[in-house]
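Colleague: Please take me closely through the side-chain contacts, from charged partners to rings and cysteines. I would like each pair placed in its surroundings.

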Amino acid sequence: MTVAPGRNKLFWVECIALFAVGAGTLALTAEPHKVFGDPGTAVWLYVISLLSISVGFANPYFGHASFDRLGQAAAILILGPWPAAVIGGLASLSYPLHRLARGTPLPEVIQSCLHNSGLMALVIFFGASLYQGLGGDVPLTGLTASGLLDLLILAVVMQVLNDLGMALTIWIRGGDPTKGFNWFLWSVEFGSFGLGILVALSYARFQALEFAFVLVMIGTAMLTIRRFAELRIDLERLVDERTRQLREKADELDALSKTDSLTGIWNRRYIDERLQAEMHRVQRYHRPLSIALGDIDHFKAINDRFSHGAGDQVLQRMARVMETQLRETDYVARFGGEEFLLGFPETFADDAAELCNRIRDLVAEERFEGLPHDCRVTISFGVVQAEDETPQSLVNRADEALYEAKQAGRNRVVVRDELTPSGLG
């Protein structure tokens with residue numbers, strides 16, 4: 001995920017704060033005798049924690065998904081909260097260092113080290129402290145009904161704390177925090193926690209050779225699950241890509257169905273949908289809207305005298321002239337034959353008429369390809385402002401204004417009010 005400079009500074013603050021709070025918590029609750037009293041156990045638990053992080057896969061939404069809950073659960077259930085937090089924090093601190101060999105910039109690696117170690121130390125310490133406070137066994141030597149409930153609470157609390165921390169991180173980095181909550185990733189985390197319980201029980205009950213065999217079997221299971229996860233992520237990515245392509249194709253087809261093939265501007269279908277939405281906005285928010293119906297004067301004569309090909313060129317050029325004069329919020333569509341409908345949101349009728357007059361003047365000066373140099377083309381407009389009415393009523397009133405413009409001699413703009421008709425031209 002690319003991080004904006006401003007958000008990257010905020011992410012640095014979060015990383016340093018997490019590490020400081022995590023390290024400070026462990027310093028204030030220090031129980032070094034529980035680590036140094038059995039250094040061999042602490043070392044192999046650190047190795048298992050590091051391996052359980054390493055045997056992971058790329059999180060499709062953010063960062064790295066792994067089986068880290070295995071090492072964390074095993075350390076909690078064998079040594080207790082403080083040693084487990086130290087071991088888990090050190091494993092999370094050291095794991096990102098391998099990214100330096102892959103060319104990852106040093107600042108990014110430092111961010112990962114600080115963030116991961118601080119967050120994991122806090123998640124492990126507070127989750128394990130709650131577990132022990134509820135009466136959970138440390139070290140774990142067997143399973144009882146009440147013990148299973150304590151373990152379930154521990155797993156849920158650690159997952160919630162971890163996901164909340166990751167959601168905050170995703171948000172700070174400018175992503176969607178809801179992407180941190182994923183059922184498949186949760187199943188991997190809870191499955192890893194179950195494997196951690198198995199490691200703790202095997203350590204308490206089995207001899208060295210039997211215990212080594214259990215670790216081999218657990219490692220094989222993790223590799224198998226990782227491969228399944230990678231296949232699943234690849235499939236999800238493929239489905240997402242296909243879905244995106246289909247959506248783009250559907251949008252393209254929808255746009256084509258609303259575009260006039262000759263002029264390239266919107267067509268009648270688009271206008272019908274657009275006016276429905278515009279009239280809803282007018283009625284709900286009482287905002288102005290004006291429309292204009294434009295009709296090329298004597299267009300049938302152009303087709304009859306100079307061919308339909310020449311008429312098509314006139315229509316195409318007319319659409320371009322209109323587009324050049326409209327504002328970003330305005331729109332124009334071929335309404336049918338030689339008729340065009342222009343929409344002017346947030347515009348009163350007189351202002352819309354001024355725009356139409358500008359277009360009318362430009363059209364009168366335009367030289368159209370396919371027509372003799374001395375052949376002039378003109379256009380008439382009927383302009384109305386929306387009232388509390390239906391889209392069809394609005395268009396009908398614009399059509400009546402257009403008819404008045406035609407009757408008055410063409411090449412003019414008529415603004416028609418429902419109560420007091422008036423003309424401009």
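Modeller: A residue is buried under 20% relative accessible area, exposed over 50% and partly exposed in between (1.4 Å probe, protein chains only). This is a predicted model: local features need pLDDT of at least 70, side-chain atom pairs count only at pLDDT 80 or more, and totals for chains, interfaces and linings use all residues. Numbering runs from 1 along each chain as its sequence is written, and side-chain values use heavy atoms, without hydrogens and water.

Charged partners come first. There are 23 salt bridges, each a side-chain nitrogen of Lys or Arg within 4 Å of a carboxyl oxygen of Asp or Glu. Take Arg69 and Glu189. Their side chains form a salt bridge at 3.6 Å, N to O. This pair ties together distant parts of the chain, with the two positions 120 residues apart. Arg69 belongs to helix α4 (residues 68-79), and Glu189 to helix α8 (residues 183-205). Helices are DSSP runs of H or I with at least four residues, numbered from the N terminus. Arg69 counts as buried because its relative accessible area is 1%. Glu189 is also buried, at 13%.

Asp234 and Arg237 make a local pair. Their closest N and O atoms are 3.0 Å apart. Both residues sit in helix α9 (residues 208-257), three residues apart, about one turn of the helix. Asp234 is partly exposed because its relative accessible area is 42%. Arg237 is partly exposed too, at 48%.

Now helix α12, which spans residues 308-325 and contains Gln316. Gln316 is partly exposed, with a relative accessible area of 29%. Its C-alpha atom is 21 Å from that of Val413, which lies 97 residues away along the chain. Helix α12 also holds Arg320 and Glu323, three residues apart, about one turn of the helix. Their side chains meet in a salt bridge of 2.9 Å, N to O. Arg320 reaches 28% relative accessible area and is partly exposed. Glu323, at 38%, is partly exposed as well. Elsewhere, salt bridges with shared partners connect Arg274, Glu278, Arg281, Arg287 and Glu346 in one network.

Next, the rings. Phe, Tyr and Trp rings (Trp by its six-membered ring) pair with centres within 6.5 Å: stacked if planes are under 30 degrees apart, edge-to-face over 60, tilted for the rest. Five aromatic pairs result. Tyr203 and Phe211 are edge-to-face, with 5.8 Å between centres and 65° between planes. Tyr203 is partly exposed, at 32% relative accessible area. Phe211 is buried, at 11%. Trp266 and Tyr270 are stacked instead, with centres 3.8 Å apart and planes 10° apart. Here Trp266 is partly exposed, at 31%, while Tyr270 is buried, at 13%. Tyr203 and Phe211 also belong to a wider group: with Trp44, they form one aromatic cluster.

Last, the cysteines. The disulfide count is zero, with two cysteine sulfurs within 2.5 Å as the test. Cys15 is in no disulfide, and its nearest cysteine sulfur is that of Cys113, 9.9 Å away. Cys15 is buried because its relative accessibility is 0%. Seen from the other side, Cys113 is in no disulfide either, and its nearest cysteine sulfur is that of Cys15. Cys113 is buried too, at 7% relative accessibility.
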